[in-house]
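This report describes the fold of one protein chain and then turns to selected local features. Please consult the sequence and the model while reading.

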Amino acid sequence: MPIMATEKSQKKFADQTLQQILHSKDESALTEWFAHTPSRRERDQQVEALDGDSVNTLYQNFGTVLFGRLLSEITPGVAAETLKTLDTPDRAAVLVQVGVSETADMLRELGKADTRTLMHCLPEELRNGVGALLRWDTEQAGANMTPSFLSVSEQLTVTEAIDVLRGPARDTEVTSYIYLLDGEGRLNGTVSFRELLTADPESRLWRLSRNEIRQVDPATDQEEAAKLLRDLGLAALPVTQEGKILGVLTSERAATILDVETTEDFQRLASTQGQGLSLRDASLWLLYRSRVTWLVVLVFGNIFSGAGIAYFEDLIESVVALVFFLPLLIDSGGNAGSQAATLMVRGLATGQVMLRDWGKMLGKEAAVASLLGGTMALAVSLVGVVRGGPEIALVVALTMVLVVLIGSVVGMSLPFMLSKLRLDPASASAPLITSICDAVGVVVYFSIASVILL
């Protein structure tokens, strides 16, 4: 009978919104809501729709454990705003259920006054763990590590280690590896649980240890640390300072970092950095503000294209057919440059290409661009013959080869140059490259035309 009752209640609450289950005191209602609302964006929207009274009702009806789970399964910004509606003692009780990393993420979203007040109310162990994360900048590995890991002395036997770890392992967040410490508490090796359980019970841990340990400093850039973890294929990467382990960067956290960084890279590539929200959720003002600066700047940049056309005004008047091919040619250079920049930004972001590879990539890109330009020139020359005759076709073909070559080299090189200057390579945005190629394309086109036709 109890099992049947549970199944009925689960069916009753399936597919209901958070607002609809608000006044229910049946824990299965919220559990079912988690199961039927896997999208974090949808959870955020439903939580944001609740007013202060509704949030407090939710907390009173479902308690600190489930409410803590709710906060840990929505984005930190939304969780922080939701947390503000509770009284300070209740906030502290909820954060105990949330965990160290998630609590630190939420407190970063709160004001300094709220953070200080809450930190004083937290239990000492949680307060120390959260404080260890908050001391680092959000872009550093130290801010993204979890201090919940397993470590023991390397001098223990396998049997002794299992006895020591039996209790802590239940509540530890990262159990992929056991970190071995020397007599002074410095990280000196690792061993996996599988190796521990299959080893000779009397063997000392240092005999099982992998002494080649890849580790990062807490001040390391988060993206660099995440890429290292991904490239090594590890489940976790130790974060150490002066040889002592402070925490570990997990593969889940690294995946989140790389996802966010890649999104930011491509927003910058399109000159829409600062947007933050998804396209669906962003307001009109935010979408406008994220794009207007670059576009206004590039309007004035395009004056150079106009100046180039004005300079060759006499040539244009004498050979009007040249105007027909102008948009086609300069757009081709911009397209080739944008394509090359996108590939290079992606390559630099994923670690497939390094700064030292510029020379090799330059030669390869020039060869590819020449082939692409030649193919496109052949196609457009046929139109040139029909539209203006053999001489026009020759001008158009030569220009096509050059603008595609120049556009590709510029597009490929800008991300490398910005990386060398320690700037974000994604700032080599497609609109910037297009504007450069437009101005260069105009000068190249009419210069070739003046030599051949005049």
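Helices, of at least four residues, and strands, of at least two, are taken as DSSP runs and numbered from the N terminus. On that basis the protein, which is a predicted model, contains 23 helices and 5 strands.

**Overall character**

Of the 454 residues in the protein, 44% are buried. Among contacts with a separation of 6 or more, 68% join residues that are 24 or more positions apart. The accessible surface amounts to about 23,700 Å², and carbon and sulfur atoms hold 57% of that area.

**A helix pair**

Two packed helices are described by the angle between their axes and the distance between the axes. For helix α5 (residues 76-83) and helix α7 (residues 100-109), the axes come within 8 Å and cross at roughly 75°. Angles of 65 to 115 degrees count as roughly perpendicular, and α5 and α7 are therefore roughly perpendicular to each other. The residues that form this contact are listed below by helix.

| Helix | Residues in the contact |
|---|---|
| α5 | Pro76, Gly77, Ala79, Ala80 |
| α7 | Asp105, Met106, Glu109 |

By class, the contact of α5 with α7 comprises 4 nonpolar, 1 polar and 2 charged residues.

**Asn61 in helix α4**

Helix α4 spans residues 52-72 and includes Asn61. Is Asn61 buried or exposed? The cut-off for a buried residue is under 20% relative accessible area; because the relative accessibility of Asn61 is 16%, Asn61 counts as buried. Leaving aside residues up to four places away in sequence, Asn61 touches Leu22, His23, Ser24 and Lys25.

**The three-stranded sheet**

An open sheet of 3 strands follows the order β1-β2-β3, and its pairing is mixed. The edges are occupied by β1 (149-153) and β3 (187-192); each has a single partner strand, so one side of each is left without a neighbour in the sheet. With direction ignored, neighbouring strands of this sheet are turned by 35° against each other on average.

Strand β2 (residues 174-181) and β3 run antiparallel and are joined by 5 bridges. Which residue of β3 is the bridge partner of Leu180? That partner is Gly189.

**Summary of the local features**

The model thus offers a helix crossing at roughly 75° between α5 and α7, a buried Asn61 and an open sheet with β1 and β3 at its edges.

Methods
Residues are numbered from 1 along each chain as its sequence is written. This is a predicted model: local features need pLDDT of at least 70, side-chain atom pairs count only at pLDDT 80 or more; totals for chains, interfaces and linings use all residues. Side-chain values use heavy atoms; hydrogens and water are left out. Buried means under 20% relative accessible area, exposed over 50%, partly exposed in between (1.4 Å probe, protein chains only). Contact means heavy atoms within 4.5 Å. Accessible areas come from the Shrake-Rupley method with a 1.4 Å probe; for residues, only the protein chains shown count as cover. Axes are lines fitted to C-alpha atoms, for helices over the stretch in contact, and angles run from 0 to 180 degrees between N-to-C directions. Angles under 35 degrees count as roughly parallel, over 145 as roughly antiparallel, 65 to 115 as roughly perpendicular and the rest as oblique. Ala, Val, Leu, Ile, Met, Phe, Trp, Tyr, Cys and Pro count as nonpolar, Asp, Glu, Lys and Arg as charged, and the others, Gly among them, as polar. Two strands pair if DSSP finds at least two bridges between them.
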